[in-house]
Each structure stands twice: as structure tokens, then as C-alpha cells.
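Could you walk me through this model in the viewer, one selection at a time? I would like to know what to click on next and what I will find there.

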Amino acid sequence: MPWCDWIEAPQRRLLILFMAVMLTIVGTLGWLGWRLLGEDRERSRQSIQERLNGAAEAASAVLARKLSETETALTTEPPSETADDFLTVTFTPDGIEAHPRASLLYYPFVPSVRTEPARVFDAGEQVELQQERYAEAAAIFRELANSGDPAIRAGALLRAARSLRKAGNINESLVAYAELARMGPIPVDGGLPADLEARYKRIELFHQSQQSSTCEQEASILYRDLQRGVWRLSLDQWNYYSEVARSCFKPDTAAEIQGNNAGALAAGAAWLWQEWQKIRKGDGHSTGRMALWIDDRPVVVVWHGSPDRLVGAIAGNGFIKTDWGSALQQISEDYRFQLSDAEGHVVCGSAAAGASQHATKSLTDAQVPWTLHAELANSDAEFARLDVRRRWLLAGFGLVGVLILTGGYFVARSFARELEVARLQSDFVAAVSHEFRTPLASLRQASELLADGRVSSEERRQAYYDALRSETERLQRLVEDLLDFRRMDAGVQQYRFEPLSVDDLVRNVTEEFSGTMPDKDCSIEIKNPDSLPRVQADRHALGRALRNLLDNAVKYSPHSKAIRVETALEGDRVALRVCDRGMGIARSDQEKIFKKFVRAGEAKTEGIKGTGLGLAMTQQIISAHGGQIRVESQPGAGSTFTILLPAMHEPAVEAARKQIAT
């Protein structure tokens, strides 16, 4: 049927309209669900963002309070104990005081200190430097080393060790330097600490005498003491001795000795010294706070000062992480915070600034040029919870959509089935009408001829009587088939089962069918074994099933008149096959032809008569007998219909089976 004709049918137009309405409803529901999910996602995002903004504000307030507390503490006496990586300094015209002192590696300036009077060593230095009599000079300096003045004693030991070194007495020189090192940081030779200068000279002697292991050991100890800020040195002095010590390390040893944040604290102290100089000139700010980035480490300085005195606090990276970081984490366990500078360097914290959703807060109000980032501590769990809610919402919409589609599908399917049944019934009525019309026309014609007395000879009159009887029997069979099928379809057909020989049934049905075939050229070949087991069957019903198969074989074999009927034993079942060499059945129609009112496509195209009930009736009969019917066919190569019936289990049956097997 052309597509346009299919559409033109009122019932089909109604079906298309119904499907369009269903699709519209489902589409609208899907659109509403998508909008609702989008709005829920946006509300969730806004809620999380508001929480993050509130957390960032709270964290900003905590940091501002921390800085204010530090400023307030500067107006009082410095604390007796300070946290790690935190330093307080006091600048006065008389000098610099740091607390704790060891946290300051070097000083912005080193005030002049008293050293030994130079004239005390004139005699010895004249013998050493002018006369180059190093042993005599060493003896003179050794004598002076017995002085009760520590400064004179330290200067004498330094010069004695130097003279011994020039004289080639390395071991005695090392002993003199060791004695000098035990005197501590007494200023010698222009204000340098005696112990630092002595240890430095010993390293030179070890290196000169190629005692590499001892040299490396002494240098590593010296470098660690420099990192601890043992001596009050200027930046240039500290750098010089640090470079000398590092030059004596092996590469692996140098890698093991790590510096700390003290260098950044010392640089912060130097920055505060410069700021105090500005205050003394009237150009600086008496109070303030500043964030610096020194040696890839963050440093915060806070000060309160005047031209006569400045007190400042310097917070290093360790203090920022432990003190400020812990204060931030105490705000709430639900959030993570991070401080970063303008270039993206992380000051402290573990929050990821690139998180999918986070809040930022500038700390310019706290006079710190940093940015505070806040994000959820367990964002995956938060988003997973939201995703679960959205999935439930989506599942609800999906379920409603599925229910609508399923209901629409079943309604449309039922409607389509009704349309198909109506079409099949219409085709059936047309086919039955056509089947009735032919014998009725023959009956009417023969009756009129006989009634009008236009049949002259007795022979022709007898032929018309025979035709009347044949067409009447044909009409009777049609009516009985319709009535029997109605009873079968309703499940009220009564069967009379009895032991039945399939061979006898085949022989009787084929002989009867051959006598009624209109085409006398058609031949039926019977092929069966000598003996087959009997089956429990209704003779009349099973004969009708075989007759239907024979009738179809004749009708659908217009060019090949040879039909073969075979019987055989397949396991515990008796097989009855009807084979033809007709037009065959397409694979797509092989399952449909056993439904009522359905006829193969070839029957319609070739104009073959039929009601579409024969195979449906046959299947009903075989199913009632506990059997099975199957078809094997290829278009143009013929068809084979096989009926399988359970064999009766009796001694004769077993003997027949053994005989067939042998």
C-alpha cells in the first residue's frame, strides 16, 4: 500500500495524531526537567558560593585580627618566648636587639667594638713582618698570650698561630687556633669574633695540608653555626664566611645541609632598618605592616617606631603556615584556605585557586598585598551529594517519561493491532465472499439450466447433477471449516483421540484428495517406511490438517505438479511431511502464515484464492495433539511442511522402531 494511501486512512491519521501528542508531552516534560535541573544546579552553585564568600570574609577578619594583635604587642615589652620563624627587633641609636638572638643571621649594621691596642704587638709584628723571623715572632706572641686582658690574649694567639703557619709548623698553628677558638666571640682583628676567625683559619690549614675529610667536617660545623646566627655579623661578612664554608663541601654533603627561613628574617630586619632610617629623616611611616617576598619565601613585617626607637616584628614562612594557617583552619573544617601573592606564589594553605568553585578576598584592607582563596574541604562529597539529588530528580522525570512512552506505546500498539485485525478481517470477508461466490455462481447456472429444461440429453443432465453435488459439498466444507475454526479459536473444539496409523491416514486422505482435485495432471507421491508406530490422534481432525497442507501444495505450485508426502520416525515422534516444488515462501512470512487471516505475499501477488485459515487451523489441530508443525522453504524452490506427533509407547511401537533402525 502506498504511503500516501496509508496516511489517508482516518484510523491511521488518528494513530499518527496520538503519537504526535505523546511525543509532544514527553518532549515538554523533558524540557521542563532540563530547566529544573539547570535551575537546581544554579541554586546549588549560588548557595555554595555564598558559603565560600562568608568563609573568606571570616578568614580575612581572622588575619586582620592577628596582625592587629601583633601591632598591639609591639607597644609593650617583647615577649619572653616567641614562635618558630618569628623575630622581634628593636633599633636604637646605640645598637640592635633581636629576640630570639639566634634567629638573626646577620645585622643591618655592626657597631664598632673595642679591640686590643695595636701597639702591644708592635715588637712581635716587626720581627714577623719586617725581619721574617717567624719562630721568634711566635715566641713573642706566645708570651703576650699569657696576659690577663682577654682582648690582648686573643690578639696574641691569632698572631702566634699566623707566625707558626708561616714558619711551617702547621700542627702548632692548629693548636694555637684551637685555643683561640675556645675564647669565644671576643673581637679581634678589626672587630671579628675570635672563635669565628680561628675556625676559619683552621679550615684554611686543613685544606692546605690536604686533610679533606677534616676540612669538610670543620666547614660543615661552621656553616651550621652561621645558619644559626651564632655571631653578630654584617651581610657581607656572613656571605663571605658562608661561601668559604660551602666551598669545602662535597656535592652530596652540600645538598644535605639545608638552610632555614632565618635568611628571610634577616632580610626583613634589614628592610625594617631602612624604614627606620626613613622615619628618622621624616620620610617614613611610624607604624605599618608590609608583606615581602624574600628568597622565594613570604615575610610579613609589622613595626611601630619613632626617630629614637623602632620596634618591629618579622614573621617568616614557617610562622605564617603554623600560626596563621592553623587559625584559618580553625574557622571551619568544611573549608580550605590559601594565601597567595600577586604573582601566584603560595604563601600558606592547601586550597587550589583553580578549583571549579572558590571564593577570593583581597587583603588590601589589612595592608597586605595578598589574596585569600577559599574552597570546600571536601568538594567531591558536596558535589556528589548534589549529583545524587539531581540524579533522583532526573530519575523521577525519566520514570514519568518512560511511563508515558510505555503507555503510549501499548495504546498505539493495541490500536495498530486493532487496525491490522480489522484489515485482516476485511480481507477475510472479501476472500470468503469470493470463495462462496464461485460455487454459488456454478449452482445458480446449473439450477437455471435444469429448471428451464434446456439440458436435452440425459448424460449432460447427470453431469450438471454431479456439478451441483460437488459445489454443494465445497460450500459445506467451507462452512464447516469456518465453524470448526471458530470452535478451535475459542478452545471448545472436541477431539476424539484413538490409536491411529499414520500410514493408513495418509493413504486414505491422499486418495480422497486426488479424487476431488480439479487439476488431474497433479500427482501425489507417497513415501513411507514399512512400519511406523501409531499415534494418539483424532482421525477426522488430523485428516483435515493433512488435507489443508495438500490443498496449499497444489494451489502454490502452479508450474510443478509433483507433490510428495513422506512419513518417518524422528526420535520419539512420528514425522509427516508434505513437499512441493512451488513458488516457496519468503523468510519474513514463514512465521506469520500460521496466524489467522494471514496469507503469504505470493498469494496476493499471484491472485491465489484462499481464506487465510488453513494453516492457522492446522496449527491449532497439531497443538491440540501435543505436536509441532514447522516449515522449510525458499522462494522459487518449493516448501516442506512437517508435522511432528508423539509416538505411542507400546511393545509393537518399540519393535517397529528397532526394525526401522536396523
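Here is a tour in seven stops, from the whole chain to single side chains.

**The whole chain**

Keep in mind throughout that this is a predicted model. Colour the protein chain by secondary structure to bring up 19 helices and 18 strands. If you then colour by accessibility, 42% of the 662 residues come out as buried. For contacts in the chain with a separation of 6 or more, residues 24 or more positions apart account for 66%.

**Helix α11**

Select residues 262–281, which form helix α11. Its 20 residues reach 29 Å from the first C-alpha to the last, close to the 28 Å expected at 1.5 Å a residue. Then step on to Gly 282, just after α11, where phi is positive at about 90°.

**A pair of cysteines**

Now select Cys 215 and Cys 248. Are these two buried or exposed? Cys 215 is buried, with a relative accessible area of 3%, and Cys 248 also counts as buried, at 17% relative accessibility. How far is the sulfur of Cys 215 from the closest cysteine sulfur? That sulfur belongs to Cys 248 and is 3.6 Å away, too far for a bond. A disulfide would need the two sulfur atoms within 2.5 Å, and the count of disulfides here comes to 0.

**Salt bridges**

Side chains of opposite charge can pair when their charged atoms come close. With a cut-off of 4 Å between the nitrogen and the carboxyl oxygen, the count is 25 salt bridges. Three of them make good selections.

- Start with Arg 162 and Glu 128, whose side chains meet at 2.9 Å, N to O. Arg 162 lies in helix α5 (residues 150–167) and Glu 128 in helix α3 (residues 122–130), so the pair ties together parts that are 34 residues apart in sequence. Arg 162 is partly exposed at 31% relative accessibility, while Glu 128 is buried at 1%.
- Go next to Arg 228 and Asp 225, where the closest N and O atoms are 2.6 Å apart. Arg 228 is exposed, at 51% relative accessibility, whereas Asp 225 is buried, at 10%.
- Finish with Arg 246 and Glu 243, which form a salt bridge at 2.3 Å, N to O. The two sit 3 residues apart in helix α9 (residues 235–247), which means they are separated by about one helical turn. Both partners count as partly exposed, Arg 246 at 32% relative accessibility and Glu 243 at 46%.

To see a network of salt bridges, select Arg 564, Glu 566, Glu 570, Arg 577 and Arg 630 together.

**Helix α15**

Select Glu 511, found in helix α15 (residues 502–516). Glu 511 is exposed because its relative accessible area, 54%, is over the 50% cut-off. Add Ile 524 to the selection: it is 13 residues from Glu 511 in sequence and 9.1 Å away in space, C-alpha to C-alpha.

**Asp 580**

Move on to Asp 580, in the loop between β16 (573–579) and α17 (601–606). Which side chain of opposite charge is nearest to Asp 580? It is Arg 581, at 8.4 Å, and Asp 580 is buried yet has no salt bridge. Look instead at the backbone nitrogen of Gly 582, which lies 2.9 Å from a polar atom of the Asp 580 side chain. Leaving out residues up to four places away in sequence, Asp 580 touches Ala 553, Ser 557, Ala 562, Ala 637, Gly 638 and Ser 639.

**Helix α18**

For the last stop, select residues 614–624, helix α18, and pick out Ala 624. Which residues of α18 are buried? They are Leu 615, Ala 616, Met 617, Thr 618, Ile 621 and Ile 622. Ala 624 itself is partly exposed, at 36% relative accessibility. Apart from neighbours within four places in sequence, Ala 624 is in contact with Tyr 495 and Phe 497. Asp 538 is 86 residues from Ala 624 in sequence, with 9.8 Å between their C-alpha atoms. End the tour at Gly 626, which follows α18 and has a positive phi, near 75°.

Notes
Residues numbered from 1 in each chain as written. Predicted model: local features only at pLDDT ≥ 70, side-chain atom pairs only at ≥ 80, totals over all residues. Heavy atoms only, no water. Helix = DSSP H or I, 4+ residues; strand = E, 2+ residues; numbered from the N terminus. Buried < 20%, exposed > 50% of the residue type's maximum accessible area, 1.4 Å probe, protein only. Lys, Arg positive; Asp, Glu negative; His and termini not counted. Polar contact = N/O pair within 3.5 Å; in protein donor to acceptor, adjacent residues only side chain to side chain. Contact = heavy atoms within 4.5 Å. Expected span 1.5 Å × (residues − 1).
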